[in-house]
Amino acid sequence: MSDLSIPEGMFAPFPDPTWRLSESGYDPLRESSRETRFAISNGHLGVRGERAFTRGRLWVTPARTYVAGLFDRTGEAGGVPVLLPAADWLQVQVHVAGVRFVEEPADVPSHTMDLDMRRGLVLSDCIHGAGALRMRVRTLRLVSLSDREVGLQLIRMDVLEGEEAIALEASLEGVNHDLTPQSALPDLMTWRTRRSGIALAIAAAASLKIDGEASPPSQAGPLRSSWAWATRPGQVVEFERIVSVARSRGDGDAATTARSALRRARDRGAAGVAADHEASWSQRWACSAVEVDGDADAQRALRFAAYHLNSAANPADDRVSIGARALTGGDYGGHVFWDTEIFLLPFYCHTWPEAARALLMYRFHGLDAARAKAASLGWTGALYAWESAGDGEEATPPYAIAPDRHVLGILTGVREQHISADVAYGVWRYWSTTGDDEFLREAGAEILFETARFWAARAVLEPDGRRHVRGVIGPDEYHETIDDNAFTNVMGQWNIHAALQTADLLRRKWPRRWSELSGRLGLDEPELLRWRETADAIVTGYDPKTGLFEQFAGFFELEPIDLSRYVGRSVPMDVVLGRERTRRSQVIKQADVLALLALLPDTFPGDAGKRNFLYYEPRCGHGSSLSPPLHALVAARLGETDKALDYFRRTAAIDLSDAAAAIGGGVHIGALGGLWMTVIFGFAGVAFDDDEIILSPRLPAGWTRLAFSLLWQGRQIRCEIRQTAQRLTLALDSGSSTTVRIGVKRYPLHPGLPLEAAY
């Protein structure tokens, strides 16, 4: 540990209020939501925002530290794998005059917490009292973005008044019962999951200084240390704990990794660990910050979104992905859904390609499991798990408890099959955005081929001469076991066409790789011809007379429901109407046809996009957090800017407002990705066509300026849009020259020569 005292400035949050969240006092009904918002993570470690100093009987949720990939099947054999919480490494207990000092949070009105998004850490500040003793206690915690196994906890206690005998104990608490202890040494403890056999190791080193002088612990045990001293007014006590957490599954020694990480961190010291971490965050913000002038709420929401998106990814580990709640809570067991490819990848592709690649390599490593799932259901190719955990196998629970306490079977794991096309869409989007040919050759092409093979088998030729996909669930999960869902069919059709383009590309550019891969997969010309015929014959549900896609066969005959009569409801529409009536109605859980419009807008000819939006938007009950951001994106593209801004604010409120249900289960990371997509692809109107950038800005009223950076095809591009002047500026900071289309005009964009134009 460093001999230097902790600089007091480390405990001061970033001064700009749009770079931080601040909360004071205590509200037991909202405590779990605050713990979610104030979570810190680095894609390997995630720590919820519990208060580290006081522990009282009013706590709503226990402390939680999550480790990416630490999955185990719980309950009976064959149960669903869930993400296990690790030990709470922030645990601190204080005894005053021999009595344990525990204040109820409600008794500490001075308590404030700050999520410093600019620096990627959490701070707290409060006045504590016990008898004659009064102390100002400030804390800092972070999980390092520069050395992901490492976490840091700092506590500074300024004695304001009172002379008392005091003791402090630092320990690890709350180990999950599904983690079996393996060893316990003074500086290291190890565990193994009961069923999956994953090893977990935590190493730690703690120190305490009184007025700048190191104080040796009076007692020590496995990751447990105690100190005792006498307080006096003016005394400054500094506690420092560095921890390292490692996970392995037959691919390394978790204990060795943890010890090595702890050694590196101790060599750097607390100030060095914090400095390295903040430097890494500065790099992330340089690539991903979005600046909005004229709307402080929108600015804070976008920073909150980018903070959690940057916190969720780990480009160094391609065996894990990002669950629906990232590492901020336990909802959905930490499982990975289509959210990752559809709502998160665009952010990473354009701001952090290394993270995007790792997420897609997770899907590549799960390709054999996807093949096995397809085969188990009687199809060829690859059908990805609707919910996946550590190994890519299907992890969807077989049942759930309904609001009326009835047991319901969950069918999504078998029937929500658009996931394979969603993964393929992510592969294609990453490659077309980054130009990463190596990834396409070595991993992406195989995913595209095997998912296309699935759709070619899944779309069955019937007597009408068309190919139908029957018995599925689309994004609108209120309607189960439906036929010819437009989103599923068109995405499957697109998947086949993307695979055919990839086959042509490999034959032309990398014939040796094509020969090797097609030979191994048994992919020949007759099969490719069948793919083309299949894609041409798939039913899409599009009616050229009305310009509408029918969401699924028979949707137009269902009961229409006027959702305006249910404004202000506090529960989803399927609870209001009941499951059976909802199934027989046109009430939609979330964007379905409109999700297709968001992903493949060119599928909608002429004004068909507008027509479908006007038809489906009033029918959506938004029973999923993923629905408002897609509606915002589509509305912005269609020029419905006021409506888009309303949906943008509704999306931001999911995690930032206390008006709705608590978010104790974690942030809605997909919705946060949707916020970014709405601004970049909606309000800024960014699109790409071959080697050309397209910009069609439609800024909301009140947004006087919007600025952001993007990576595209090896180019770093900065954009600034000024609403009042109706002008934009583009700068190419790196990469080769390209063309920019603004409206109907085209402009050259060269390195070092900013482009300014009207829009």
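Which residues does Trp531 touch, not counting residues up to four places away in sequence? Trp531 touches Phe449, Ala452, Arg453, Ala456, Ile496, Ala499, Leu500 and Leu523, where contact means heavy atoms within 4.5 Å.

The model is predicted, with local features requiring pLDDT of at least 70 and side-chain atom pairs counting only at pLDDT 80 or more, while totals for chains, interfaces and linings use all residues. Residues are numbered from 1 along each chain as its sequence is written, and side-chain values use heavy atoms, with hydrogens and water left out.

**Nonpolar cores**

Trp531 is also among the residues with the most contacts inside the largest nonpolar core, together with Tyr348, Phe449, Trp703, Leu706 and Phe708. This core comprises 176 residues. Helix 10 (residues 486-509) supplies its largest share, 12 residues. A second, separate core has 26 residues, including Met10, Leu152, Leu154 and Ala258. A nonpolar core is a set of buried Ala, Val, Leu, Ile, Met, Phe, Trp, Tyr and Cys residues joined through side-chain atoms within 4.5 Å. Buried means under 20% relative accessible area, exposed over 50%, and partly exposed in between (1.4 Å probe, protein chains only). Helices (H or I, at least four residues) and strands (E, at least two) are DSSP runs numbered from the N terminus.

**Cavities and pockets**

On a 1 Å grid over the protein atoms alone, a cavity is a set of points where a 1.4 Å probe fits but cannot get out; a pocket is an open set with protein on both sides within 12 Å along at least five of seven lines, and lining residues have an atom within 4 Å of a point. Grid points are joined across faces, edges and corners, and a volume is the space filled by probe spheres set on the points. By this rule there are 9 cavities of 30 Å³ or more.

Nearest the centre of the largest cavity lie Ala68, Gly69, Ser321, Gly323 and Leu327. Strand 4 (residues 65-73) gives the most to this lining, with 3 residues. For the second largest pocket, the residues closest to the centre are Leu599, Pro601, Asp602, Ala687 and Phe688. Helix 10 and strand 27 (686-689) are among the elements that each supply at least two residues of that pocket's lining. In the table, Ala, Val, Leu, Ile, Met, Phe, Trp, Tyr, Cys and Pro count as nonpolar, Asp, Glu, Lys and Arg as charged, and the others, Gly among them, as polar.

| Space | Volume | Lining | Classes of lining residues |
|---|---|---|---|
| Largest cavity | about 140 Å³ | 18 residues | 11 nonpolar, 6 polar, 1 charged |
| Second largest pocket | about 1,400 Å³ | 42 residues | 22 nonpolar, 12 polar, 8 charged |

**Strand pairing and turns**

Strand 27 and strand 28 (692-695) pair in the antiparallel sense over 4 bridges; two strands pair if DSSP finds at least two bridges between them. Phe688 has Ile693 of strand 28 as its bridge partner. The two strands form a hairpin with 2 residues between them, and Asp690 in the turn has a positive phi of about 55 degrees. Asp690 counts as exposed because its relative accessibility is 74%.

Gln713 lies in the loop between strand 29 (705-712) and strand 30 (715-722). Its phi, near 50 degrees, is a positive value in a residue other than glycine. Gln713 is partly exposed, with a relative accessible area of 31%.

Strand 4 belongs to an open sheet of 4 strands in the order 2-3-4-5, with antiparallel pairing. Its edge strands are strand 2 (40-41) and strand 5 (81-86), each pairing on one side only. Strand 2 is joined to strand 3 (residues 45-47) by 2 bridges, and Ile40 has Val47 as its bridge partner in strand 3.
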